[in-house]
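Trainee: Please take me closely through one part of this model, namely the place where the two chains meet.

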Amino acid sequence: MEVKTEQFSEVAKEELRKAYTFLKAGATFVRIRRETALSTFPDAAAAQAYGAIIRAEAIARLPELLEEFEKNALSNGAKMFWARDANEASQYIVRLAKERGIKYVTKGKSMVTEEIGLNEALEKNGVKTWETDLGEFIIQLLGVPPFHIVGPAMNIPVAKVRDLFMEKIDLKEPTSDPVQLGHAARIFLRDKFHRVDMGIAGVNMAVAETGTIVNVENEGNIRFNKSSPRTQISVMSLEKVVPTLEDALHLVRLLCRNCTGQKLSVYVSMDNGPKKSDEIDGPEELIIVIVDNGRSRIYQDTIAREAMRCIRCGACLNGCPVYRQIGGYAYGWVYSGPMGQVLNPLLLGLEKTQDLYRATTLCGSCKSICPAGIDHPSLFLHYRAKDVSGDAALRAKKTPMMERIFFRLWMWAVTRYRLWNWGVRFVRPFVNKEAHGGMLREVGGLFKGWFRSRDLPAMAKKTFHDRWIEAQKTEFRSQKSEATTEKI
Amino acid sequence: MKQSARDEILNKLKAAPRKTIPSRSERPVLRELSLTPEELIETFSKNLSQEAGIVHRVKDRREALEKLSQIAKEEGLKKVIATTDDVIASLDLAAWGKENDVRVMTPQDFDSRDSFKDAVFEEADAGITGADFAVAESGTLGLIHNKDQARLTSLAPILHVAIVPVERMVAVYEQVIEKVFGEKKNLPSQFCFITGPSMTADIRGVPFKGMHGPRKVIVILVGE
């Protein structure tokens, strides 16, 4: 997927103009559903905390769990391919498809396949790709990025979907009923499922103790992708591994409640290798592609690596006051919302994503919601510090020398209170010249960048310090006069 | 000699600083474990009905077949695809089919994946399966997939009917996993939890049933 993270500010401004009322209302609705679903736990907070412990352990034990998963998956009869980066992973899958004479593949929703640009690589090599999750199918046909990780097409007006289907999937009767449109997509994609020879799916969880792959879905497209064709390819980013099946089940309970407010999604399918020889359906070969794509490098940073706990539930998006205003496009890549703000900087480098870990009020809504216990606000501050210091491992570019010198001087000046008081009085007339209606919104010159995303009230005529001293004098005077009056 | 990708990745991970593994607190309580068998059935039915699944309770094999006849009539079933697991086998659906003018196909009728798929995608009005487990905590069926329980039978047709003896009712998923995965060997190629009909809300958040999988799921619970 094309990287547009450096356009965050411009896109966010545009999106703000659209005033997404449905997004704010929808996010509230989903948050209520989530809370209702979590209340089915005897102790929801304990259940969430336990999920965090499982994911913390999974990340802490990552190499050994991956080895255990590989051993058990291989003994189940699966094949495994390790890919260092996006290119290795996608080229391998292209090769598999060409070797088997595959004309088209059907795909389940998988964020890591977006990361590695799999669809583009396949199409470039003459293999058609069909996204089969309804939302992914719509955005694939439209050629737009996802708006929300759970509902990638939820912002697309029904009329636009209708026109799209009439143009691209032979919808005969125009209809504005989402249900009818869904049925049209069902019929169209059903034919693809019927004849497909290679199905590609992501992995929600890879269970180390048994070598099992777990997929969670509501539509049934993933089950089709895994059961209809002769070849199943399951693509996973390496942090998806969990220690045991019991752990996986607990996380599935949390995932479904946090993601869609369900106790369990309609289908939870668990694969242990290819089909047995006497089965009539199921894959003859199950190939697991494990993708690194920078994660082993990120893993060296003991703070940043906790972002890899993410189970992709998307609940953080619905809780985020920023996401609710601007939607998903501004974040500029595969992952949006707070999830994108902790993941995109690690995967793309801090330099390319500078706005992402700054576009936050640090309200902590995401942190309080996260079933994996990710501390987003701390991660944002960590990235900022690394960004300023030019950390090579996280691919940050050091701040320009002028900026560093400025802040050295700034620090020297503001820690001396007399300099501060004097400076404030000196600066006030110049600063207030730029104020309109009592607010400073756009300031020219040196500080233009700081004001790009911040507003300040105009500076008051008297500083608080001045007012305090005056008030003390007045009170002292009135106390003295009271005392005098009393005497009389 | 250049390292393989696998070794390179694993070595990088192993070379990273180690962090303490957090100690596990008490595993959260599973409330459903304290329910009686009758309460489990009630909970199962309530949960599945909430997801628009239909639950029928019948006494025995004979009533189950009667219920099936009723369903065949209501849904206008002409051809169905069935599994050959022990529950379905004990019902003798071939005979039932003759009596009710319904053609009952099984995977054994087909000599290839492709011909089986043609039947299951284009001919079957319904898929009739047993279930290895019914889980009360969310109204969920558990199906082990093997030669007697093909995967597409419960997925491709627009209607899925599952006939489940009440003895197979359990409270929570863990009880299922213990039985299916407990030995850690001879694992089925696939195991599925199924909760009601397939669904989506991807167009403007408007929910509907029957996206790619069945639009309707009927569970017939058999036994006292």
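**The contact between chains A and B**

Mentor: In this predicted model, α12(A) passes α7(B) in a right-handed crossing. The two elements are helix α12 (residues 245-260) of chain A and helix α7 (residues 173-181) of chain B, and they pack at an angle of about 145 degrees with their axes 10 Å apart. On the α12(A) side the residues that meet the partner are A:L245, A:E246 and A:L249; on the α7(B) side they are B:Y173, B:E174, B:I177 and B:F181. Sorted by class, this contact of α12(A) with α7(B) comprises five nonpolar and two charged residues, and no polar ones.

The chains also meet through strands. Strand β9 (residues 267-271) of chain A runs antiparallel to strand β9 (residues 190-194) of chain B, and five bridges join them. Within this pairing, A:S269 stands opposite B:C192 in β9(B). As a general point, strands of a sheet pair through backbone hydrogen bonds, either parallel or antiparallel.

Taken as a whole, the contact draws 72 residues from chain A and 63 residues from chain B. The side of chain A that touches chain B divides into 34 nonpolar, 19 polar and 19 charged residues.

For comparison, chain A has an open sheet of its own, in which six strands pair in the parallel sense in the order β1-β10-β7-β4-β2-β3. Its edge strands are β1 (79-83) and β3 (128-131) of chain A, each pairing on one side only. The twist from one strand to the next averages 20 degrees.

Methods: Residues are numbered from 1 along each chain as its sequence is written. Chains are lettered from A and ligands numbered from 1 in the order in which they are written. This is a predicted model: local features need pLDDT of at least 70, side-chain atom pairs count only at pLDDT 80 or more; totals for chains, interfaces and linings use all residues. Axes are lines fitted to C-alpha atoms, for helices over the stretch in contact, and angles run from 0 to 180 degrees between N-to-C directions. Helices (H or I, at least four residues) and strands (E, at least two) are DSSP runs, numbered from the N terminus. A crossing is left-handed if the near helix is turned anticlockwise from the far one by less than a right angle, and right-handed if clockwise. Two residues are in contact if their C-beta atoms, placed from the backbone, lie within 7 Å. Ala, Val, Leu, Ile, Met, Phe, Trp, Tyr, Cys and Pro count as nonpolar, Asp, Glu, Lys and Arg as charged, and the others, Gly among them, as polar. Two strands pair if DSSP finds at least two bridges between them.
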